Amino acid sequence: MPPVKAAVPPPKSAASRAPSGAVTVPFRTVLFSMVVLWATYFLIVTVRSYVLDFDMQLELAMRRAFVAICGLALTVVFWFLMRLFDARALWVKTSAAIVFAVPIALAIGQVNQIVFEEMQLEREQRYYEKNNLNFRRDEAGNLLFEVPASPAQANASNDAPPDASGERGESIVVVPAEDNASRWLSVVDIALGRYFLLLAWASLYFALLAGYQASAAQRREEQFRTAAKAAELRSLRYQVNPHFLFNTLNSLSALVMTNKPQRAEEMIQSISRFYRHSLAGDPTSDVMLADEFDMQRQYLEIEAVRFPERLRTHFDIPPDLADARVPGMILQPLVENSVKYAVSPVSRAVTISVAAREEFDRLVITVSDDGPGVPAGVKHGFGIGLANVRDRLEARFGPDIVLTSTPHAGGYVTEMRIPLTRQPMSAGVQS
């Protein structure tokens, strides 16, 4: 079975990472927020126009839509300026927003002034005509009030030509034409409202940016945590190999010293096959329970060369648990302990049993023997091998594990209870 790769969080999307590597808000999100902003502005102003019962509603709406589109485009420019400060401190970003919003707001005010200027004059003239008011604007843009002539003045000026309105009378300048200063004051007045609108959007953008940065930091933390756990699992897993190699070399040395070259050669071949199998997989990944049982069979075959008359083995794995997942070589220290403390000290045959079963969605694995139990002079407890197994199980499954090791009538038994997991073949499998 190909080894299963450890899960690694997917890389961050390029849409939410600037070329320099700093986290930024995706353009799609930014554009959506701008569209919502200006659509809301358009809707509110349009409703206000209907409530106040302005004339020429369709023409006003069309021009208002054009101003909103121009405002949207200028807000995009505002964003391009703001994103240069995404990686800076909040006070720097706030200061940049306050400064950059000024020219953008003035540009929007200028567009608004140009678009609605002619419309304002036309609406003004219609209002005067509708209400029979003697107001008009001359060619210079002055607002004039026409004072009708009295009968005496009319008789005295029969020979005078009529004014532009067709009547004889006096024209009084009510509001002089706007000069450049007055025009800019009008633009600034309009821009002031748009300025605070831009600052409101900048606040929303800062909130979105903070959210994306927090999410990116959380992903990085999760990657570091995963890498740290993988390093811990790898370290604990590699502790098994030197311990096993030390024991097998001692066994091989004993065969050589007792002049048993044939058994020594068989043991060397078995060790070679065992290491080829054990080193093929990723030390941080899980393996199938059937593969783990097969590894322990190979190990006990190696030890059987040393103890041909004393070592007996028994493996019991239900077929429906063959694909259950366990950390690789997790049973190795347990089986080694049985060989060391049950088979080696005695001269009779000893059976080492490795069995698995399922209990309430838990995988229960036992390694037992019918040896002498706890040898004399050996303190019962968690030695290096058992501590390694416990640490690896806790690193892999957290505190949701149970590991017990105790003598029983007629031998010794170690039992582990871990969550029963079966990883799908379609995810995380190395081809």
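## Helix α9 and its cover

Helix α9 has twelve residues and runs 15 Å from its first C-alpha to its last, close to the 16 Å expected at 1.5 Å a residue. That expected span is 1.5 Å times one less than the number of residues, and helices here are DSSP runs (H or I, at least four residues) numbered from the N terminus. This is a predicted model, where local features need pLDDT of at least 70 and side-chain atom pairs count only at pLDDT 80 or more, while totals for chains, interfaces and linings use all residues. Residues are numbered from 1 along each chain as its sequence is written, and side-chain values use heavy atoms, with hydrogens and water left out.

So how much of α9 is covered? Mostly covered is the verdict, with nine of its twelve residues buried. Buried means under 20% relative accessible area, exposed means over 50%, and partly exposed is in between (1.4 Å probe, protein chains only). The buried residues are Gln 332, Pro 333, Leu 334, Val 335, Glu 336, Ser 338, Val 339, Ala 342 and Val 343.

## The neighbours of α9

Two packed helices are described by the angle between their axes and the distance between the axes. Here, axes are lines fitted to C-alpha atoms, for helices over the stretch in contact, with angles running from 0 to 180 degrees between N-to-C directions.

On one count, helix α8 (residues 289-306) and helix α9 (residues 332-343) have axes that come within 10 Å and cross at roughly 30°. That makes α8 and α9 roughly parallel, a label for angles under 35 degrees, with over 145 being roughly antiparallel, 65 to 115 roughly perpendicular and the rest oblique. The α8/α9 crossing is right-handed; the near helix is then turned clockwise from the far one by less than a right angle, whereas anticlockwise would be left-handed.

Then there's helix α10 (residues 384-397), which packs against α9 at about 160° with the axes 8 Å apart. So α9 is roughly antiparallel to α10. This crossing is left-handed.

## Helix α1

Helix α1 (residues 27-51) has 25 residues, so at 1.5 Å a residue it should span 36 Å, and its end C-alpha atoms are indeed 36 Å apart. Its buried residues are Val 30, Ser 33, Met 34, Leu 37, Trp 38, Tyr 41, Thr 46 and Ser 49. As background, an α-helix has 3.6 residues a turn, so residues three or four places apart point the same way. After α1 comes Asp 53, with a positive phi near 60°.

## Rings and a charge

How many aromatic pairs does the structure hold? The structure has nine. Rings of Phe, Tyr and Trp (its six-membered ring) pair if their centres lie within 6.5 Å; planes under 30 degrees apart are stacked, over 60 edge-to-face and the rest tilted. Trp 79 and Phe 80 have ring centres 5.0 Å apart and planes at 55°, so that pair is tilted. Trp 79 is buried at 4% relative accessibility, while Phe 80 is partly exposed at 44%.

Tyr 195 and Phe 196 pair edge-to-face, 5.5 Å centre to centre with 80° between the planes. Tyr 195 is buried at 15%, but Phe 196 is exposed at 51%. Ring pairs also link Phe 78, Trp 201, Tyr 205 and Phe 206 into a cluster. Finally, the charged end of Arg 297 sits over the ring of Phe 315, 4.7 Å from its centre (the cut-offs are NZ of Lys or CZ of Arg within 6 Å of the ring centre and within 35 degrees of the ring normal).

Definitions and conventions:
Helices (H or I, at least four residues) and strands (E, at least two) are DSSP runs, numbered from the N terminus.
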